[in-house]
Amino acid sequence: MDTDTAQGPELVLQGKFADPATRATCRQDSPPADDEGIVRIPLSMVEQIRRACDAAEAADTQL
C-alpha cells in the first residue's frame, strides 16, 4: 500500500501487461485514463489481494 499519494492511500498491484486483444476489449468496455494501464493478475493472487484490502479496511484506510 502506498500511503503517500496526493489522492490519499492507494493499493499498488503488480501484474503482467495484458495482450493486445485483451487491452482492446477492455478499452471498449471501460477506456483507461491516460495514467492507467491494463494488467493481468493471476488468480493465485486473489487471496493476497483480499487480505491486503481487509487489512486496509481494518486500519480504517479508504482505498
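Partly exposed, for this talk, means a relative accessible area between the buried limit, under 20%, and the exposed limit, over 50%. Arg 51 has 47%, so Arg 51 counts as partly exposed. Keep that class in mind. One caution first: this is a predicted model.

Let me start with charges. How many salt bridges does the structure hold? There are 3. I'll take helix 2 before the rest.

Helix 2 runs over 46-58. Glu 47, Arg 50 and Arg 51 are linked there in a network of salt bridges. Look at Arg 50 and Glu 47. Their closest N and O atoms are 3.0 Å apart. Now Arg 51 and Glu 47. Here the closest N and O atoms are 4.0 Å apart. The cut-off for a salt bridge is within 4 Å.

Why does the spacing along the helix fit? Arg 50 sits 3 residues from Glu 47 in helix 2, so about one helical turn separates them. Arg 51 sits 4 residues from Glu 47, so again the separation is about one helical turn.

And how covered are these side chains? Glu 47 has a relative accessible area of 39%, so it is partly exposed. Arg 50 has 44%, so Arg 50 is partly exposed too. Arg 51 you have heard already: 47%.

Next, the other salt bridge. Arg 40 pairs with Asp 19. The closest N and O atoms lie 2.8 Å apart. This pair links distant parts of the chain, 21 residues apart. Arg 40 is in strand 2. Asp 19 is in the loop between strand 1, 16-17, and helix 1, 20-29. Buried or exposed, or in between? Arg 40 comes out at 42% relative accessibility, so Arg 40 is partly exposed. Asp 19 has 31%, so Asp 19 is partly exposed as well.

Now the nonpolar side of the story. Which residues form the nonpolar patch on the surface? Leu 13, Phe 17, Val 39 and Ile 41. Together they have about 400 Å² of accessible area.

Take Ile 41 from that patch. Where is it? Ile 41 lies in the loop between strand 2, 39-40, and helix 2, 46-58. Its relative accessibility is 32%, so Ile 41 counts as partly exposed. Patch residues need over 30%. Ile 41, at 32%, therefore meets that cut-off.

To recap. Helix 2 carries the network of Glu 47, Arg 50 and Arg 51. Arg 40 and Asp 19 link distant parts of the chain. Leu 13, Phe 17, Val 39 and Ile 41 make the nonpolar patch.

Key. Residues numbered from 1 in each chain as written. Predicted model: local features only at pLDDT ≥ 70, side-chain atom pairs only at ≥ 80, totals over all residues. Heavy atoms only, no water. Patch = residues over 30% accessible without salt bridge, like charges linked within 9 Å, V, L, I, M, F, W, Y side chains within 5 Å. Areas by Shrake-Rupley, 256 points an atom, 1.4 Å probe, with all protein chains shown as cover. Salt bridge = Lys/Arg side-chain N within 4 Å of Asp/Glu carboxyl O. Helix = DSSP H or I, 4+ residues; strand = E, 2+ residues; numbered from the N terminus. Buried < 20%, exposed > 50% of the residue type's maximum accessible area, 1.4 Å probe, protein only.
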